[in-house]
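Please work through the following exercises on salt bridges with the model at hand, and try each task before reading its solution.

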Amino acid sequence: MGGRRLTPGQSIKALREAIAIIRELWNTETKGGTRVAGDFYSVAGAKRGPKPAHDIGVWIGAYGPKMLGLTGELGDGWLPSLGYLKQGPEALRGMNRLIDEGAEKAGREPSAVRRMLNIHGRFGDRNQGLLNGPPEQWTEELAGLNADYGISGFILAADDAETTRTFAREVAPAARELISGR
């Protein structure tokens, strides 16, 4: 995208600085300009605002241990993609633990970091694996991801209109009902 190449360690430090700047620019309750002196990004007196119409969360799609710790420390939410979890959903357990540890080290409640998951799959007549089967199967599996791993929301990655309609009309309301009844 035209930016300079950073090492993984530098990228984490740069993200930490960027989050600090973003939060300061949104902080219109504090008088004076935004001042953040970083190794990668700095601002010296940037005008704050405009004030957001509502709170804006900083969501991080992290996978590595250091980034997961940073998510716990500074993030409002975590949004990984199911397709990138090499060990499948079971990987969420250890990743959640690292987020929780990062939050606790920063003096935050782990529950302050909302957990969501980008998902994809196929609807069909029979169970052919995770999120690959009938809507009732999807409902059970999403409720299980909520119960087992604390995932509170799902973003469907689909460009097929019928998949989106089935998810919105059948799966999402049924999963919401099943989760709220637990």
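The exercises below treat individual salt bridges, each followed by a worked solution.

The model is predicted, so local features need pLDDT of at least 70 and side-chain atom pairs count only at pLDDT 80 or more, while totals for chains, interfaces and linings use all residues. Residues are numbered from 1 along each chain as its sequence is written, and side-chain values use heavy atoms, with hydrogens and water left out.

**Exercise 1.** Determine which parts of the chain are tied together by the salt bridge of K13 with D39.

Solution. A salt bridge requires a side-chain nitrogen of Lys or Arg within 4 Å of a carboxyl oxygen of Asp or Glu; for K13 and D39 the closest N and O atoms are 3.3 Å apart. Next, K13 is placed in helix α1 (residues 8-26) and D39 in the loop between β1 (34-36) and β2 (43-46), so the pair ties together parts 26 residues apart in sequence. Helices (H or I, at least four residues) and strands (E, at least two) are DSSP runs, numbered from the N terminus.

**Exercise 2.** Classify R115 as buried or exposed, and do likewise for its partner D100.

Solution. The side chains of R115 and D100 form a salt bridge with an N to O distance of 2.6 Å, which links strand β5 (residues 114-119) to helix α3 (residues 91-105). Buried means under 20% relative accessible area, exposed over 50%, and partly exposed in between (1.4 Å probe, protein chains only). With 8%, R115 is buried, whereas D100, at 24%, is partly exposed.
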